[in-house]
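Dear colleague,

I am passing on the structure we spoke of, with the sequence alongside. Please open it before reading on, so that the notes underneath can be followed by eye.

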Amino acid sequence: MDANLQGEKRYEQVYGATFARYTQQEMIEFIEPFKVRFGRNKLDARSIFEGKKCFDAGCGNGRGALFMLMNGAAHVTACDFSSQNVESTRSFLRQFGFENAEVFESSLESIPRPDETFDFVWCNGVIMHTRYPNRCLNEIARILKVGGKSWIYVYGSGGLYWRTIYRFRRMLHDVAVADCMAALQLMRYETRYVAEFIDDWFATYLRSYTHKDLSAALEAAGFAPAEPLPFGMAYDTSHRRNSYGLLEKDLMGEGDLRYLLHKTKQTPVRSQQILSDGEYGSDFEWPPIIAQRMDPAFERFAAALATDWQRIAAAAHLQRELRLQMTKPEPFDVEAYFQTMDRVASYAANCGGL
């Protein structure tokens, strides 16, 4: 029997329970990357949101809703599939003093709002986690007015980061989410890292897409053609692939697919099935530096880990080290990463039966 809960209860574990751990100060820090990404892409958040009627699709604990309200949104409606996330969002709205908002529980497959209701629709890192991504994208576009704008973020295909995460997901498949969260808390990882690890390792659906596939789906839903925003946080794969040369493009894959979109046409009643709802999303040809080097190194890594505790500790350590290396303002040192992988496996193996 699978050690993890399924369906709605699993969603509550992976997203509701982790997002509920944030404090008000941690929420402020959680919103900061939006400010950085807007700034580095020369987007004026105040002019984009001020006076607008906005919708946050898949709101999590409400950081997108708060970001829009902090930049002058007239009203924000937010929804999430998790009842705990709905309560977390309501709580943070109260803590930050915003009353011009509404939060309700709903799937994105069928959003209970009329066509072309909102001036702006925000959907940050949600579509690739849904069961029916095409249907959800169509609903997001449907409730947006023609002439309105949307922020959409989806994981981009390829890259050393996602190759690592896919291997962790297989390695930790039989570890219970609750046990993993408890172990990470004992290791004293900050809330944002616990949330990131649990999301990456245990989300029921975790897909990544090519710009070609996603842009075709966006245009079919009524959006004007757009390119992904090139810059962001230092560790964003999009920022790295646009900052450090050709090799970085192989190492970072398609990059994070973040768009500020403009809806120019009415959304069709039925969505086209453009985005794959398979396990990995878009088909992607991995470059040799990842496909031929990464897998043998990971086989050595996994073979050294005998217990659930070792697997959790080693995965968390390696993912944290990967994030730290990606944060450095310099080309990614792939040899150092493989050395880190061997070193972490050695640490874990020396722990014996812990």
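The notes below go from the whole chain to one helix and then to a few backbone positions.

Please keep in mind throughout that this is a predicted model. The protein contains 15 helices together with six strands. Its C-alpha atoms occupy a box of roughly 60 × 40 × 40 Å when the principal axes are used as the frame. For 354 residues, a compact globule would be expected to have a radius of gyration near 20 Å, and the 20 Å computed for the protein agrees with that expectation.

Two further values describe how the chain is packed. Of the 354 residues, 55% count as buried, and among the contacts that join residues at least 6 apart in sequence, 80% are between residues at least 24 apart. As for the surface, the protein exposes about 15,200 Å², of which carbon and sulfur atoms supply 50%. The charged side chains number 41 positive and 45 negative, and the centres of these two sets lie 2 Å apart.

The helix I would ask you to look at is α4, which covers residues 63–70. Seven of its eight residues are buried, and the helix is therefore largely enclosed by the rest of the structure. Buried here means a relative accessible area under 20%, and the residues of α4 that meet this cut-off are R63, G64, A65, L66, F67, M68 and L69. After the helix comes G72, a residue with a positive phi, near 90 degrees.

Positive phi values also occur at two residues that are not glycine, and both deserve a look in the model. K42, with phi near 55 degrees, sits in the loop that runs between α2 (24–40) and α3 (45–49). Its relative accessible area is 77%, and K42 is therefore classed as exposed, the cut-off for that class being over 50%. E116, whose phi is about 50 degrees, belongs to the loop between β3 (101–105) and β4 (118–124). Is E116 buried, exposed or partly exposed? With a relative accessibility of 29%, E116 counts as partly exposed, a class that lies between the 20% and 50% limits.

With kind regards

Methods. Residues numbered from 1 in each chain as written. Predicted model: local features only at pLDDT ≥ 70, side-chain atom pairs only at ≥ 80, totals over all residues. Heavy atoms only, no water. Helix = DSSP H or I, 4+ residues; strand = E, 2+ residues; numbered from the N terminus. Rg over C-alpha atoms; globule rule 2.2 N^0.38 Å. Buried < 20%, exposed > 50% of the residue type's maximum accessible area, 1.4 Å probe, protein only. Contact = heavy atoms within 4.5 Å. Areas by Shrake-Rupley, 256 points an atom, 1.4 Å probe, with all protein chains shown as cover. Lys, Arg positive; Asp, Glu negative; His and termini not counted. Charge placed at Lys NZ, Arg CZ, Asp CG, Glu CD.
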